[in-house]
There are 2 protein chains.
Amino acid sequence: MNYCSQCGAPVSLKIPVDDNRERYVCDHCGYVHYQNPNNVCGAILTLEDRILLCKRAIEPRYGKWTLPAGFMENNETVAEAAAREAMEEANARAGPLTLFGIFSMPYISQVYLMFHGELASPEVSAGQESLEVGLFRRDEIPWDELAFPVVDHSLRLYLEHGAGKVHHAWFSRGPDRQVELHIID
Amino acid sequence: MNYCSQCGAPVSLKIPVDDNRERYVCDHCGYVHYQNPNNVCGAILTLEDRILLCKRAIEPRYGKWTLPAGFMENNETVAEAAAREAMEEANARAGPLTLFGIFSMPYISQVYLMFHGELASPEVSAGQESLEVGLFRRDEIPWDELAFPVVDHSLRLYLEHGAGKVHHAWFSRGPDRQVELHIID
């Protein structure tokens, strides 16, 4: 960032009084601009033995398959965010959602909050951010065409353990951009 | 916000193309400024049958007791954030942390992520944001002097159930500013 959101003057990176890390601080009015991680809320939505996946119509990972998920918005709960994303990406109505996993990605300052629920209706269709959507049985999942490591990990955990436990892990990314999984619980 | 963080020109609230809600968009360069919820990471840290609490030296709720907790920073995991806050507020070294609860507060666009762990050392002392810190037995907890409903709720859940389950709830706030708890799991 270059300019103050409050007064429009230039900002500088400095450590504010009573703080311990650099922030963008306005050179004119002193306003401190905090930057914090974003939550990505998503869901494993099932219809009997099938799992809802969406083929991405947007970058990054255009054309790859993902679980419905997206940035949490202000003034909603984590579960509302996951249900909203399912509706936006797959016109899918989620039943009650339970927490399935929390996955930190400090290298991109994101936290994935994944839920599990049953589809309240079998009718799903591609939303604006999806090329197509589908309900996949275990042996139909396109493992080599998944968009993100967290999607791969969530699907494997669900197929191995089912719902009922909350999984906790974090991902690191090395200088070779290879992503590594670290399981906590 | 009034000005663009990228070019310093005025911003207007409008719905960007391919979006469905109002954002602050730059009138000059078109940059879209997203605003999203913040995570507050904290911990119930125990030493045998005692729980660490901190008396706040900052507003809001100056002088009230709280669990160590604070805003998650970029480039850290949720558990690292909780451990860092314990160190900053109480000079407390946390042992391994397990997820204890996730509590959405949509009225202030915050998500509390509470952990449980044992203190790795009995030495604790007030950090910069605390007037004092203490280790409280069940019957010593200052229930009438707690800072926030989420602290009250977390302590009650821990004393009733112990650790081992991940609790999921959200809080609403009515026009009378009364906060109401909604338990999900």
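Here's a quick tour of how two chains meet, and of some residue pairs worth finding in the viewer. The model is predicted. Chain A and chain B share an interface that buries about 3,700 Å², and the rule finds four salt bridges across that interface. Over all chains, the salt-bridge count comes to 20.

**Where the chains meet**

- Each side has its share of residues in the contact: 45 from chain B and 45 from chain A.
- Carbon and sulfur atoms give 49% of the roughly 3,700 Å² buried between chain B and chain A (the figure is "about 3,700 Å²").
- If you want three residues to click on, try B:Pro37, B:Glu73 and B:Asn74: together they supply 14% of the area that chain B buries against chain A, more than any other three residues.
- Polar contacts turn up here too, with 23 residue pairs found across the interface of chain B and chain A, both partners at pLDDT 80 or more.
- On the chain B side, the elements giving two or more residues to the contact are β4 (38–47), α1 (78–90), β8 (98–105), β9 (110–118) and β11 (167–173).
- Sort the residues on that side of chain B by type and you get 20 nonpolar, 17 polar and eight charged.

**Salt bridges around B:Glu73**

- B:Glu73 pairs up with A:Arg23 in a salt bridge, and the closest N and O atoms are 2.6 Å apart.
- That pair has company: A:Asp19, A:Arg21, A:Arg23 and B:Glu73 are linked in a network of salt bridges.

**Salt bridges inside chain B**

- B:Arg137 and B:Asp49 meet through their side chains in a salt bridge, at 3.2 Å from N to O.
- This pair links distant parts of the chain, 88 residues apart: B:Arg137 sits in strand β10 (residues 130–137), while B:Asp49 is in the loop between β4 and β5 (50–56).
- Both ends have some exposure: B:Arg137 counts as partly exposed at 36% relative accessibility, and B:Asp49 is partly exposed with a relative accessible area of 49%.
- B:Lys64 and B:Glu145 also meet side chain to side chain in a salt bridge, here at 3.0 Å from N to O.
- B:Lys64 lies in the loop between β5 and β6 (65–66) and B:Glu145 in the loop between β10 and α2, so this pair ties together parts of chain B that are 81 residues apart in sequence.
- B:Lys64 is partly exposed, with a relative accessible area of 21%, and B:Glu145 counts as partly exposed at 35% relative accessibility.
- B:Arg84 and B:Glu76 form another side-chain salt bridge, 2.8 Å from N to O, and here both B:Arg84 and B:Glu76 are buried.

**A look at B:His153**

- You'll find B:His153 in helix α2 (residues 149–161) of chain B.
- B:His153 has a relative accessible area of 9%, so it counts as buried, the cut-off being under 20%.
- Leaving out residues up to four places away in sequence, B:His153 touches B:Phe103, B:Ala169, B:Phe171, B:Leu181 and B:Ile183.
- One of those neighbours, B:Leu181, is 28 residues from B:His153 in sequence, with 8.5 Å between their C-alpha atoms.

**How chain A is divided**

- Chain A is split into domain 1 (1–35) and domain 2 (38–183).
- The centres of these two domains of chain A, taken over C-alpha atoms, are 35 Å apart.

Technical notes:
Residues numbered from 1 in each chain as written. Chains lettered and ligands numbered in written order. Predicted model: local features only at pLDDT ≥ 70, side-chain atom pairs only at ≥ 80, totals over all residues. Heavy atoms only, no water. Contact = heavy atoms within 4.5 Å. Buried area = accessible area lost by both parts, 1.4 Å probe. Polar contact = N/O pair within 3.5 Å; in protein donor to acceptor, adjacent residues only side chain to side chain. Helix = DSSP H or I, 4+ residues; strand = E, 2+ residues; numbered from the N terminus. Nonpolar A, V, L, I, M, F, W, Y, C, P; charged D, E, K, R; others polar. Domains from an automatic or database assignment. Buried < 20%, exposed > 50% of the residue type's maximum accessible area, 1.4 Å probe, protein only.
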